[in-house]
Amino acid sequence: MNKLNLTPNFGREADAFYAELIAAQAGLDDEAAADWLARLTLILCNHIGDREVLREAFALAHERHD
C-alpha cells in the first residue's frame with residue numbers, strides 16, 4: 001500500500017520553491033552542497049518520521065536514478 005504522496009503539492013509555487021532550493025546552495029562547492037543536501041534530507045526525514053513512507057521515497061528515488 002502506497003503512503004507516499006506523489007501528487008504535485010506546490011501548486012503555483014513549484015517554480016518559486018525550486019528557485020529557493022537552488023538559491024539555498026548558492027556559493028557552495030560540490031562537496032559543501034552535497035553535505036548541505038544530506039543534512040536537509042536527514043532533517044526532512046526526521047520531520048516525516050514514517051519509515052514506511054521513507055522506504056517508499058528511497059525506492060522511488062533509486063528507481064528514478066537508474
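Is Phe10 buried, partly exposed or exposed? With a relative accessible area of 44%, Phe10 is partly exposed, because that value falls between the 20% limit for buried residues and the 50% limit for exposed ones. Keep this residue in view, as we will come back to it shortly.

Before going further, a word on confidence. What you have on screen is a predicted model. The protein averages a pLDDT of 93, and 94% of the residues score at least 70. Confidence is highest in H2, at a mean of 97, and lowest in H3, at 89. Where pLDDT is low, the predicted coordinates should not be read in detail.

Now back to Phe10 and its partner. Searching the whole structure turns up one aromatic pair. Phe10 and Phe17 form this pair, and the two rings are stacked: their centres are 4.4 Å apart, with 15° between the planes. The pair counts as stacked because its planes are under 30 degrees apart. Like Phe10, which is partly exposed, Phe17 counts as partly exposed, at 34% relative accessibility.

Both phenylalanines also lead us to the largest pocket. Phe10 and Phe17 are among the residues that lie nearest its centre, together with Leu44, Ile48 and Ala57. The space in this pocket comes to about 880 Å³, and 24 residues line it. Which helix gives the most to the lining? That is H2, with seven residues, while H1, H2 and H3 each supply at least two. In character, the lining divides into 19 nonpolar residues, four polar and one charged.

Let us turn from rings to charges. The count of salt bridges comes to one. In this bridge the side chains of Asp50 and Lys3 meet, with 2.5 Å from N to O. The pair links distant parts of the chain, 47 residues apart: Asp50 sits in the loop between helix H2 (30-48) and helix H3 (51-65), and Lys3 in the segment before helix H1 (14-23). How accessible are the two partners? Asp50 counts as partly exposed because its relative accessibility is 24%, and Lys3 counts as partly exposed at 41%.

A last stop is Asn2, which is also found in the segment before H1. Asn2 is exposed, with a relative accessible area of 68%, so it lies over the 50% limit. If you want a distance to check in your viewer, try Asn2 and Ile43: they are 41 residues apart in sequence and 22 Å apart in space, C-alpha to C-alpha.

Key. Residues are numbered from 1 along each chain as its sequence is written. This is a predicted model: local features need pLDDT of at least 70, side-chain atom pairs count only at pLDDT 80 or more; totals for chains, interfaces and linings use all residues. Side-chain values use heavy atoms; hydrogens and water are left out. A salt bridge is a side-chain nitrogen of Lys or Arg within 4 Å of a carboxyl oxygen of Asp or Glu. Helices (H or I, at least four residues) and strands (E, at least two) are DSSP runs, numbered from the N terminus. Buried means under 20% relative accessible area, exposed over 50%, partly exposed in between (1.4 Å probe, protein chains only). On a 1 Å grid over the protein atoms alone, a cavity is a set of points where a 1.4 Å probe fits but cannot get out, and a pocket is an open set with protein on both sides within 12 Å along at least five of seven lines; lining residues have an atom within 4 Å of a point. Grid points are joined across faces, edges and corners, and a volume is the space filled by probe spheres set on the points. Ala, Val, Leu, Ile, Met, Phe, Trp, Tyr, Cys and Pro count as nonpolar, Asp, Glu, Lys and Arg as charged, and the others, Gly among them, as polar. pLDDT is the predictor's confidence in each residue, from 0 to 100. Rings of Phe, Tyr and Trp (its six-membered ring) pair if their centres lie within 6.5 Å; planes under 30 degrees apart count as stacked, over 60 as edge-to-face and the rest as tilted.
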